[in-house]
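Visitor: I have a model open and want a quick tour. Can we go through it together?

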Amino acid sequence: SYTKISAGSFHTCAVTSSGGVKCWGDNRLGQLGNGTLTSSTTPVQVSGLTSGVQAIWAGRDHTCAMTTTGAIKCWGNNLNGQLGDGTKINRSTPVQVVGLTSGAKAITAGGAFSCAVTPRSAVKCWGLRYAVTPKVVSGAGGAVQLTAGENHACTLTSARAAKCWGSNTSGQVGDGTTTTRMSAVQVKGMASGVSAVW
């Protein structure tokens, strides 16, 4: 059985009840994580992740997992550095995200970037518009949850506020403007009382 599931653009990944990860769908960029580039219409085992995973998030064509010890591992498309291993080389098996080897509290994956909540409740992102290794997002401290769209992301803070950043061409950051924000800004009307972001 499965406990969590996440869908990318053309692939899906899930955490099994034993803490393993299985993925299925398109695999042309290694996003199924099984060491091949062969797509699959049924779930395949992600290499090296047979247990100990607590969360999964599929981006457009990459995937990140968080282990029970808070390590972040990613695989698939890495053209923009969204795997966080310091390269732009696609990976068909999971690689360790630089500097996030334990204690992470949450993960998310956008179109071509990824983010995590660090042990000290900061948010770090990597990939498109960031770097090939995780960098702190200013204004996003006190984070407890994360979610991402194609080109923007949002966090829930310990004060139950919602803050967002990234591309804002359609006003998706929620600050009343259409100005791109690389620092987290307060979503109007959501400074408190927010129970979750997804």
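Visitor: Let's start with V123. Which strand is V123 in?

Guide: V123 is in strand β11. Bear in mind that this is a predicted model.

Visitor: Buried or exposed, V123?

Guide: Buried. The relative accessible area of V123 is 0%, and buried means under 20%.

Visitor: What does V123 touch, leaving out residues up to four places away in sequence?

Guide: Its contacts include C115, A116 and V117. K135, V136 and V137 are also among them. So are A140, A143, L146, T155 and W165, by the 4.5 Å cut-off for contact.

Visitor: How far apart are V123 and A106?

Guide: In space, 9.2 Å, C-alpha to C-alpha. In sequence, 17 residues.

Visitor: New topic. How many aromatic pairs are there?

Guide: Two. One is formed by W57 and W198. Their ring centres are 5.3 Å apart, with 50° between the planes. That pair is tilted.

Visitor: Where do W57 and W198 sit in the chain?

Guide: W57 is in strand β5, residues 53–58. W198 is in the segment after β16 (181–186). The pair links distant parts of the chain, 141 residues apart.

Visitor: W57, buried or exposed?

Guide: W57 counts as buried, at 13% relative accessibility.

Visitor: And W198, buried or exposed?

Guide: W198 counts as exposed, because its relative accessibility is 81% and the cut-off for exposed is over 50%.

Visitor: Which residues form the other pair?

Guide: F113 and Y130. This pair is tilted too, at 5.8 Å centre to centre and 45° between the planes. F113 is in strand β10, residues 113–117. Y130 is in the loop between β11 (123–127) and β12 (135–136). They are 17 residues apart.

Visitor: What about accessibility for F113?

Guide: F113 is buried, at 3%. Y130 is partly exposed, with a relative accessible area of 23%.

Visitor: Any enclosed space? How many cavities of 30 Å³ or more are there?

Guide: One. The largest cavity has a volume of about 50 Å³.

Visitor: Which residues line the largest cavity?

Guide: F113, L128, R129, Y130, N151 and G166. F113 and Y130 are the aromatic pair from before. By class, the lining has three nonpolar, two polar and one charged residues.

Visitor: Now pockets. What space lies in the largest pocket?

Guide: About 340 Å³. It is lined by 17 residues. The closest to its centre are A55, I56, W57, I107 and W198. W57 and W198 are also an aromatic pair.

Visitor: Which strands each supply at least two residues of that pocket's lining?

Guide: β1 (2–7), β5, β9 (106–109) and β13 (143–148).

Visitor: How does the lining of the largest pocket divide by class?

Guide: 13 nonpolar, two polar and two charged.

Visitor: Back to I107. What is in contact with I107, leaving aside neighbours within four places in sequence?

Guide: A55, I56 and W57 are among the contacts. C64, A65, M66 and I72 are among them as well. The list also includes C115, A116 and L146.

Visitor: Let's do the cores. Which residues have the most contacts inside the largest nonpolar core?

Guide: I72, C74, I107 and W126. That core has 15 residues. β5, β6 (62–67), β7 (72–76) and β9 each give two or more residues to it.

Visitor: How many residues are in the other core, the one apart from it?

Guide: 14. C115, C125, A143 and A184 are among them.

Visitor: Why might nonpolar side chains gather like that?

Guide: As a general tendency, nonpolar side chains are buried together in soluble globular proteins.

Visitor: Last stop. Where is T147?

Guide: T147 is in strand β13. T147 is buried, with a relative accessible area of 10%. Beyond its neighbours within four places in sequence, T147 is in contact with W57, T108, A153, C154, V197 and W198.

Visitor: And V95, how far is V95 from T147?

Guide: 21 Å in space, C-alpha to C-alpha, and 52 residues in sequence. V95 lies in strand β8, residues 91–96. V95 counts as buried, at 16% relative accessibility.

Visitor: What does V95 touch, not counting residues up to four places away in sequence?

Guide: I72, K73, C74, L83 and D85. I72 and C74 came up before, among the residues with the most contacts inside the largest nonpolar core.

How values were computed: Residues are numbered from 1 along each chain as its sequence is written. This is a predicted model: local features need pLDDT of at least 70, side-chain atom pairs count only at pLDDT 80 or more; totals for chains, interfaces and linings use all residues. Side-chain values use heavy atoms; hydrogens and water are left out. Rings of Phe, Tyr and Trp (its six-membered ring) pair if their centres lie within 6.5 Å; planes under 30 degrees apart count as stacked, over 60 as edge-to-face and the rest as tilted. Helices (H or I, at least four residues) and strands (E, at least two) are DSSP runs, numbered from the N terminus. Buried means under 20% relative accessible area, exposed over 50%, partly exposed in between (1.4 Å probe, protein chains only). On a 1 Å grid over the protein atoms alone, a cavity is a set of points where a 1.4 Å probe fits but cannot get out, and a pocket is an open set with protein on both sides within 12 Å along at least five of seven lines; lining residues have an atom within 4 Å of a point. Grid points are joined across faces, edges and corners, and a volume is the space filled by probe spheres set on the points. Ala, Val, Leu, Ile, Met, Phe, Trp, Tyr, Cys and Pro count as nonpolar, Asp, Glu, Lys and Arg as charged, and the others, Gly among them, as polar. A nonpolar core is a set of buried Ala, Val, Leu, Ile, Met, Phe, Trp, Tyr and Cys residues joined through side-chain atoms within 4.5 Å.
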